[in-house]
Amino acid sequence: AAGNSDNPEQLPGEQLVTVSTDNPTYMEELFTNQYSTFISTVYNAAGTDITSQSRKWNTGAITEVTLAPGTYLFVGSCLNGNRYAYPRQVFNLEAGKHYELYCDIQREKGFSGIPTDKSAMLGIRDLTVTDLVTAQEDTP
């Protein structure tokens, strides 16, 4: 979607970066305490909010953005029932890669000894599939 992209140099698609989010199914969220991850805002190196058009047209939660390679500040939304956090993290994104943004929830033992959610951070993992080269042996 146009509101979820930033490509001022008009780079070809294979040079762009895709960042999607990691979201559990309803049952996983309900029974495993996993958080849903959404992209609230993305700022480019110039400090421009490149996701403002998505919010302007009320397109709902952002689950994927396409960007030119570079450094971006992501503001995430980590949600689980009535628990939520809006962590921020800067990521340097490489050309042609596909990344997945996720909420990394830090827990600690509460007063009763039961683990409770303490804080949230954004994490990112590289999902890019690379071509695997396998050596074949010649059989006589």
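1. Let's start with the cysteines. Cys78 and Cys103 are both buried. In this predicted model they form a disulfide, and their sulfur atoms lie 1.9 Å apart. The count comes to 1 disulfide. The torsion about the S-S bond of Cys78 and Cys103 is about -95 degrees, so the disulfide is left-handed. The pair links distant parts of the chain: Cys78 belongs to strand β5 (residues 70-80), Cys103 belongs to strand β8 (residues 98-109), and 25 residues separate the two.

2. Before going further, a word on confidence. The protein chain has a mean pLDDT of 78, with 75% of its residues at 70 or more. Which elements mark the two ends of that range? Helix α2 (residues 52-56) has the lowest mean pLDDT among the elements, at 60, while β7 has the highest, at 94. You may like to keep those two values in mind while looking at the model.

3. Next, the overall layout. The protein chain holds 2 helices and 9 strands. Read from the N terminus, the order of elements is β-β-α-β-α-β-β-β-β-β-β. Of the contacts with a separation of 6 or more, 61% are between residues 24 or more positions apart.

4. On to burial and surface. The protein chain has 140 residues, and 32% of them count as buried. Its accessible surface comes to about 9,200 Å², and carbon and sulfur atoms account for 51% of that.

5. Now the nonpolar core. In soluble globular proteins, nonpolar side chains tend to be buried together. Here the largest nonpolar core has 21 residues, and the members that touch the most others are Val19, Leu67, Tyr72, Phe74 and Leu93. Several strands each supply at least two residues of this core: β2 (17-21), β3 (36-43), β4 (64-67), β5, β7 (88-93), β8 and β9 (115-126). Which strand gives the most? That is β8, with 4 residues.

6. Strand β5, home of Cys78, is worth following through its pairings. With β3 it runs antiparallel, joined by 7 bridges; one pair to look for is Ile39 and its bridge partner Gly76 in β5. With β7 it is again antiparallel, through 6 bridges, and Tyr72 stands opposite Phe91 in β7. Tyr72 appeared above as one of the core residues that touch the most other members.

7. Strand β5 also pairs with strand β6 (residues 83-85), antiparallel and through 3 bridges. Asn80 stands opposite Arg83 in β6. The hairpin of β5 and β6 has 2 residues between the strands, and Gly81 takes a positive phi near 60 degrees there.

8. The other cysteine strand, β8, pairs with β9. These two run antiparallel and are joined by 11 bridges, with Glu100 opposite Arg125 in β9. They make a hairpin too, with 5 residues between the strands; in the turn, Gly113 has a positive phi of about 90 degrees.

9. Is Thr21 buried or exposed? Thr21, found in strand β2, has a relative accessibility of 11%, and because the cut-off for buried is under 20%, Thr21 counts as buried. Leaving aside residues up to four places away in sequence, Thr21 touches Thr37, Phe38, Ile39, Ile62, Thr63, Glu100 and Leu101. Two of these names have come up already: Ile39 as the partner of Gly76, and Glu100 as the residue opposite Arg125. The C-alpha atoms of Thr21 and Ile124 are separated by 9.1 Å, although the two residues are 103 residues apart along the chain.

10. Glu108 makes a useful companion to Thr21. Glu108 is found in strand β8 and is partly exposed, with a relative accessible area of 40%. What does Glu108 touch, not counting residues up to four places away in sequence? Its contacts are Ile114, Pro115, Thr116 and Lys118. The C-alpha atoms of Glu108 and Ser119, 11 residues apart along the chain, are separated by 9.3 Å.

Conventions:
Residues are numbered from 1 along each chain as its sequence is written. This is a predicted model: local features need pLDDT of at least 70, side-chain atom pairs count only at pLDDT 80 or more; totals for chains, interfaces and linings use all residues. Side-chain values use heavy atoms; hydrogens and water are left out. A disulfide is a pair of cysteine sulfur atoms within 2.5 Å. Buried means under 20% relative accessible area, exposed over 50%, partly exposed in between (1.4 Å probe, protein chains only). A nonpolar core is a set of buried Ala, Val, Leu, Ile, Met, Phe, Trp, Tyr and Cys residues joined through side-chain atoms within 4.5 Å. Two strands pair if DSSP finds at least two bridges between them. Contact means heavy atoms within 4.5 Å. Accessible areas come from the Shrake-Rupley method with a 1.4 Å probe; for residues, only the protein chains shown count as cover. pLDDT is the predictor's confidence in each residue, from 0 to 100.
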